[in-house]
Amino acid sequence: MDQQPLLAHLIELRNRLVRIAGVLLVVLLCLVPWAGDVYHLFAKPLMDVLPQNSSMIATEVTAPFFVPLKVTMLVAFLITLPHTLYQIWAFVAPGLYNHEKKLIVPLIVTSVALFMLGMAFAYFAVFPVVFGFMSAHTPEGVAMMTDIDKYLSFALGMFVAFGVTFEVPVIVLVLNRMGIVSLTQLREGRSYVIVGAFVVAAVVTPPDVLSQIMMAIPLWLLYEVGIVMSMLINKEKNHAGPV
């Protein structure tokens with residue numbers, strides 16, 4: 001008798017995962033015929049700065065097939081992300097209290113939006129600067145022809161780095177709401193965050209000052225946004241308290 005609820009939850013989890021995988025597979029199959037175009041769009045920031053007679057290369061036999069497919073899978077995942085989050089929410093929601101539901105839904109939506117915004121910032125703002133810098137400083141007699149698999153690894157790393165960076169307001173807000181850090185501590189830690197932002201940028205981004213600044217400055221500004229959001233929510237909470 002005690003195992004029945006657990007079995008029911010496992011069946012429900014399996015059904016949700018099947019739905020997630022099924023929708024992802026359908027979208028992926030729909031995109032596969034355009035995998036080459038998807039990769040071309042993905043590689044456009046680098047292709048735009050390559051010399052006229054240069055191009056990207058593939059050093060692995062299977063890379064021309066699998067690398068565009070991996071990029072297409074990433075795009076399919078992003079397209080189906082709202083459906084995936086809904087399935088996760090539908091599985092978790094029955095076990096949450098109303099006040100938890102009110103908090104988690106905005107946090108999830110905001111987190112996803114900020115992560116995608118970070119990826120877009122990397123693609124449209126950072127990549128042209130980084131690749132332009134690298135192309136301009138290529139030694140004479142050296143042809144800049146990047147391997148498509150290495151470009152994929154680099155781009156994914158940058159997407160994750162900037163996506164996580166843009167999560168800073170949510171992280172600050174959650175830490176404050178959980179009582180781990182107070183608003184006073186957040187304000188006092190501002191100088192450490194600024195230094196830390198430049199250290200992180202120096203480690204994550206390529207070794208050019210401009211791209212490092214393009215990560216460090218948004219990281220610091222997003223930290224300030226997190227402080228403002230925490231202040232506003234605390235004010236709202238204090239006003240609602242006596243009622």
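**View 1. Leu-175 of helix H6 in the predicted model.** In this predicted model, Leu-175 has a relative accessibility of 30% and therefore counts as partly exposed, since that class lies between the limits of 20% for buried and 50% for exposed. The residue belongs to helix H6, and, when residues up to four places away in sequence are not counted, Leu-175 touches Ile-180 and Val-181. Gln-52 stands 123 residues from Leu-175 along the chain, and the C-alpha atoms of these two residues are separated by 50 Å.

**View 2. Ser-111 of helix H4 and its contacts.** Ser-111 is a residue of helix H4, and its relative accessibility of 19% places Ser-111 in the buried class, for which the value must be under 20%. Once neighbours within four places in sequence are left aside, the residues in contact with Ser-111 are Glu-167 and Val-170.

**View 3. The crossing of helices H2 and H5.** Helix H2, which spans residues 35-47, and helix H5, which spans residues 148-165, have axes that come within 11 Å and cross at roughly 80°; the two helices are therefore roughly perpendicular to each other. On the H2 side the contact is made by Tyr-39, Phe-42, Ala-43, Pro-45 and Leu-46, which meet Ile-148, Tyr-151, Leu-152, Ala-155 and Phe-159 of H5. By residue class, this contact comprises 10 nonpolar residues, with no polar and no charged ones.

**View 4. Phe-42 and its contacts.** With residues up to four places away in sequence not counted, Phe-42 touches Tyr-151, Leu-152, Ala-155 and Phe-159, and in addition Val-71 and Tyr-123. Of these, Val-71 is among the buried residues of helix H3.

**View 5. The largest nonpolar core.** This core contains 45 residues, of which Tyr-39, Phe-42, Met-56, Phe-127 and Tyr-151 touch the most other members. At least two core residues are supplied by each of H2, H3 (63-92), H4 (98-136), H5, H6 (168-177), H7 (183-188), H8 (190-204) and H9 (209-240), and the largest share, nine residues, comes from H4. In soluble globular proteins, nonpolar side chains tend to be buried together.

**View 6. The kink in helix H3.** Helix H3 carries a kink of about 55° at Thr-80, shortly before the proline Pro-82. Thr-80 is itself buried, as are other residues of H3, including Ala-76, Leu-81 and Thr-84. Further buried residues of this helix include Ala-63, Val-67, Pro-68, Thr-72, Gln-87 and Ala-90.

Note on methods. Residues are numbered from 1 along each chain as its sequence is written. This is a predicted model: local features need pLDDT of at least 70, side-chain atom pairs count only at pLDDT 80 or more; totals for chains, interfaces and linings use all residues. Side-chain values use heavy atoms; hydrogens and water are left out. Axes are lines fitted to C-alpha atoms, for helices over the stretch in contact, and angles run from 0 to 180 degrees between N-to-C directions. Helices (H or I, at least four residues) and strands (E, at least two) are DSSP runs, numbered from the N terminus. Angles under 35 degrees count as roughly parallel, over 145 as roughly antiparallel, 65 to 115 as roughly perpendicular and the rest as oblique. Contact means heavy atoms within 4.5 Å. Ala, Val, Leu, Ile, Met, Phe, Trp, Tyr, Cys and Pro count as nonpolar, Asp, Glu, Lys and Arg as charged, and the others, Gly among them, as polar. A nonpolar core is a set of buried Ala, Val, Leu, Ile, Met, Phe, Trp, Tyr and Cys residues joined through side-chain atoms within 4.5 Å. Buried means under 20% relative accessible area, exposed over 50%, partly exposed in between (1.4 Å probe, protein chains only). The bend at a residue is the angle between axes fitted to the seven residues ending there and the seven starting there.
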